[in-house]
Amino acid sequence: MTAQSTGPATAAGTTKRAFLELDDLKVSFQTEDGVVRAVDGVSFALERGRTMAIVGESGSGKSVTSQAIMGLHSRRAAKITGHAWVDGVDIVTAPDAELRALRGQRMAMIFQDPLSSLHPFYTVGKQLVEAVQAHGEVPKAEARRRAVSMLDRVGIPNAARRVDDYPHSFSGGMRQRAMIAMALINNPALLIADEPTTALDVTVQAQILELIRELQAEYNMAIVLITHDLGVVAESADDVTVMYGGRVVERGGVDEIFSRPSMPYTWGLMSSVPDMEADRGKRLEPIPGQPPSLINLPKGCVFRPRCAYAQHVPDGRCDTERPDLTPVDDGHDARCFLTLDQKRTLAVKATGTEEVA
Amino acid sequence: MLGFVVKRLGAMVVMLVGLSITVFLLFSVLPADPARLTCGKSCTPDVVQANRVRLGLDKPLTEQYTTYVKGIFAGRTYNEGQGVAEIDCPAPCLGYSFSQQKPVTELITEAVPVTMWLALGSFVLWMAIGVTGGVIASLNRGRWLDVALQSTALVLYSLPTFFVGLIMLIVVIVQFGLLPYPDYYPPTQDFPKFFDTMLLPWLTIATASAAFYVRLTRTQMVETLGEDYIRTARAKGLTERAVTVKHALRAGLTPIVTAAGLDLGLLLGGAIIVEQIFNLPGVGRLAVGSVIDSDLPVITGVTLVAATFIIIANFVVDLLYMVIDPRVRLS
Amino acid sequence: MTTPNLTDAGPRSASTPVGDVVLRVRGLQKYFPIQSSFLRRTIGQVKAVENIDLDVHAGETVGLVGESGCGKSTTGRTMLRLLDPTGGTIEIDGRDVTKLSMRQMVPVRRSAQMIFQDPYSSLNPRHTIGKIISSPWEVQGVNPEGGVKKSVQELMARVGLNPEHYNRFPAEFSGGQRQRIGIARALALRPKLIVCDEPVSALDVSIQAQVLNLLEDLQNEFNLAYVFIAHDLSVVRHIADRIAVMYLGRVMEITDSDSLYRSPRHPYTKALLSAIPLPHPSMRGQRERIVLTGDLPSPSNPPSGCVFRTRCWKAQERCATEIPPLSEISPGTSVACHFPEPAKEPVSFTPPQA
């Protein structure tokens, strides 16, 4: 058994927990084909006022992780172990009633597709009022007043009138603003944003990211930002967790990750995206192959079948042994057998990144 | 929105007119001669001919149809100025049954309340059982309760109505004497007796229908429970009850309301088997009796009324769509 | 209506061969009627595509970018006569196809094919991959050399699919592989032009790069022309030689990729580019971001004059009264704006800096 599970804060041996702290969180689902290990040992810590980006592709476990933090998995369908502390409450073991009191109050969530995430049969206002009244005896008029002022705060013009409109009469950007208003109406301390701008156009995306940053400062929120878009990460995150095959493969401060990526999967992600600043004729360097099946993970390193650098590691360790998350630098860990020197030099070659001093 | 209602109303009127023409034509091309049926076995051809003229059956079909329609709105008088006793048929006149010596409208208005009580009672019963059962099954998806509910529903759904009705009749009434023998008592006259005699007919109809609605509701709920907005509702911290009823069930209601409206409309046109078994003088039994007697005016009238119920039910369902789904209202 | 001269493609990277024109579009319009719910009377029109002129040469990629609702997909579909144009002319491979019937279009489809965004919904789930890829031959009555099966397997190998999977069904493939199936099908008739409608939008980034590389390789091999429709500006910039920026059904700017990114001339292009997320966290706060206020106007009731003026920070009175024509303001660069941005670098073409 590897001792990879300790989170940064508990590792120090202190009793003080971070506002949000995951410790060896595992989520698996029993299916007809076998057990899907969607999240396999995720640990990180996040304080209020900071943004943690979880980056990965479909099947990396990033969305499953975020829903586990909200306690949204049905306990019947999902087997969850480890810990996810939100403000001292362990979501994994908390009783349903306590979870419900936390959700929408201390922690809130926004989703990728605001149209399908809002109920089509209720007005936006009614859905906001419902969120208020779910957490306390608030008179309807008072709840409605709060709904209007929140809609106004997130930049919906004519909020007093539009509060009675249905979601489908809003534009995509306005719908996401309404979702944000609904999530923040009870002033939560933790916001989980699951691909909040993926369905939006770039100009709208820029506005929404800006709005989220403003509101974060205003409410001193911790934000978990789930995304596949490295540009969104570069723009908004303080810390980054890169996930692959249900596990964390690299984590660190955002500048560290972008300047000194230390794991071949992170390199692959970076070189797959066309670089607007680089020469246009430059060929993309995709990651070959397909993401792994979460039922039959490869032996050894989970990224091994798609990794172009395994020959740099002696004795075929990548094929037989699961690497641990090991420190690259202060607060920067990577799950890779390459030596520190190899990580530096190969990264420059793989991504064209240069170390920023 | 108003345009939508007006349009649907217009469509409804057009359908009713088309329907009445079709029914009228259908019954006039039947081999049975309505004039022949106006008098008994010892009829002479002379009398038949005389009756034919009296009833206007010698006139062209279009004229017969206009007379018929006029009768519905203004009433008509049979044998007018024929030297025989005049028969008055006040509006809405759907014809006159010579074999029962009564206007068709009167026969139908006597039968409709019976069928209405039968239909409404069983409707409430099956909707309550069916939707609740479906919701419970969907919330326990894959567990034994779901499997039990679904298989019970399947078995009950496949049992024919006459079988369920007869079994209930034999077991509950004949064998154990738990309820009085079937007959019809109007609720205004003797409510406890009305209830006792209606209970089994209600249950009989509700059995198969509830089974169908368990399955329909379950399918709908399973689908809507997987929607993104259900996840949002949970993320807001709503209780499971609010998530299930206010969000999931509400969103899955459209097909359930459609089926329910049409089923009710269909049932109001007569529950032939159940009315026969339980001796209820409803529209279904009137229809059967008139077919056995070849009482053409009654058959025509019952067909028209039953079809009208279905068309009205359709219209009501369309209106309910607008209540349920704001997207329909606005588009 | 004056038509700016776009026939001359203007500056382009030296590696791109200037071939014959395979697609020529003039004054293309596509309006959708708006009908009242009552009596189905036409009460208005959505001007989805308005007056588009475009030439696409063999071996060239023209990108169509813009936000949702700008008409780029409708343009792509109308150009291939999957939708009937309301006005204008379309020439494919030198033949005027504007008024051809669907039956007459069949032979034209040999030279022009399409790839769609959702690789799954565009593949019949009940047909094997072999049948899907060979269907264009069946429609055209073509007997490929060496037999259908062998030719399909060659195509499969060419697009990076395992030829042994000939008898499998679409459901057995991942999203990236399905897009490869769509590409193989489009390639079957050796077309000269492929319209790619958001071909990589639904794919994960690592898979997206694989498909983009494949499209580039196929272009070099078969001298294909692409019309590449996408909302992701970095992808379009990577693959396209020239880019047309669309807004509310009209082309706002068209120029070569490098000029567009280096020196956007239309205010809308500038705003669009400034909204792209930063490539590196160290650049935070360094970029001037132009935030467009308000929502996209309704295409059924577009603003008078310049359609962008309601959200443009440079708009003046003239913009409301006079429609700015798309006119060439420097070689190879055409802009529909009364007050275009100044060029950042000398107008004369300079090779992209390393």
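Chain B exposes about 16500 Å², and carbon and sulfur atoms supply 68% of that area. Keep in mind that this is a predicted model. Below is a quick tour of chains A and B, then two residues of chain B, and then some salt bridges, of which the structure holds 42 over all chains.

**Chain B overall**

- The secondary structure of chain B comes to 14 helices and four strands.
- Laid along its principal axes, the C-alpha trace of chain B spans about 80 × 60 × 35 Å.
- Chain B has 331 residues, and 45% of them count as buried.
- If you take the contacts in chain B between residues at least 6 apart in sequence, 63% join residues at least 24 apart.
- On the charge side, chain B carries 24 positive and 23 negative charges, and the mean positions of the two sets are 11 Å apart.

**Chain A overall**

- Chain A brings 14 helices and twelve strands.
- The radius of gyration of chain A is 21 Å, close to the 21 Å from the globule rule for 357 residues, so chain A is as compact as a globular protein of that length.
- A box of roughly 70 × 50 × 45 Å along the principal axes holds the C-alpha atoms of chain A.
- Buried residues make up 59% of the 357 residues in chain A.
- Of the contacts in chain A with a separation of 6 or more, 64% are between residues 24 or more positions apart.
- The accessible surface of chain A comes to about 14100 Å², with 50% of it belonging to carbon and sulfur atoms.
- Chain A has 39 positive and 46 negative side chains, and the centres of these two sets lie 4 Å apart.

**B:Asp295, a buried acid with no salt bridge**

- You'll find B:Asp295 in the loop between helix H12 (283-292) and helix H13 (296-324) of chain B.
- B:Asp295 is buried yet makes no salt bridge.
- The nearest side chain of opposite charge to B:Asp295 is B:Lys102, and that one is 11 Å away. For a salt bridge, the nitrogen would have to be within 4 Å of a carboxyl oxygen.
- Setting aside neighbours within four places in sequence, B:Asp295 is in contact with B:Ser97, B:Ser99, B:Gln100 and B:Ser290.

**B:Val323, out on helix H13**

- B:Val323 sits in helix H13 of chain B.
- With a relative accessible area of 54%, B:Val323 is exposed, because the cut-off for exposed is over 50%.
- Apart from neighbours within four places in sequence, B:Val323 is in contact with B:Arg250 and B:Arg329.
- B:Val323 and B:Leu286 are 37 residues apart along the chain, and their C-alpha atoms are separated by 36 Å.

**Salt bridges in chain A**

- As background, side chains of opposite charge can pair when their charged atoms come close.
- A:Asp87 and A:Arg106 meet through their side chains in a salt bridge, at 2.4 Å from N to O.
- That pair links distant parts of the chain, 19 residues apart: A:Asp87 is in the loop between strand E4 (78-86) and strand E5 (89-90), while A:Arg106 is in the loop between helix H3 (96-102) and strand E6 (107-110).
- Both ends of this bridge are partly exposed, A:Asp87 with a relative accessible area of 38% and A:Arg106 at 27%.
- A:Asp319 forms a salt bridge with A:Arg304, and the closest N and O atoms are 2.8 Å apart.
- A:Asp319 lies in helix H13 (residues 317-320) and A:Arg304 in the loop between helix H12 (264-272) and H13, so this pair ties together parts that are 15 residues apart in sequence.
- A:Asp319 counts as partly exposed at 38% relative accessibility, and A:Arg304 is partly exposed too, at 25%.

**Salt bridges in chain C**

- The side chains of C:Arg81 and C:Asp84 meet in a salt bridge, at 2.8 Å from N to O.
- Here one end is buried and the other is not: C:Arg81 has a relative accessible area of 4% and is buried, whereas C:Asp84 counts as partly exposed at 41%.
- Elsewhere in chain C, salt bridges that share partners join C:Arg24, C:Arg26, C:Asp55 and C:Glu91 into one network.

How values were computed: Residues numbered from 1 in each chain as written. Chains lettered and ligands numbered in written order. Heavy atoms only, no water. Helix = DSSP H or I, 4+ residues; strand = E, 2+ residues; numbered from the N terminus. Rg over C-alpha atoms; globule rule 2.2 N^0.38 Å. Buried < 20%, exposed > 50% of the residue type's maximum accessible area, 1.4 Å probe, protein only. Contact = heavy atoms within 4.5 Å. Areas by Shrake-Rupley, 256 points an atom, 1.4 Å probe, with all protein chains shown as cover. Lys, Arg positive; Asp, Glu negative; His and termini not counted. Charge placed at Lys NZ, Arg CZ, Asp CG, Glu CD.
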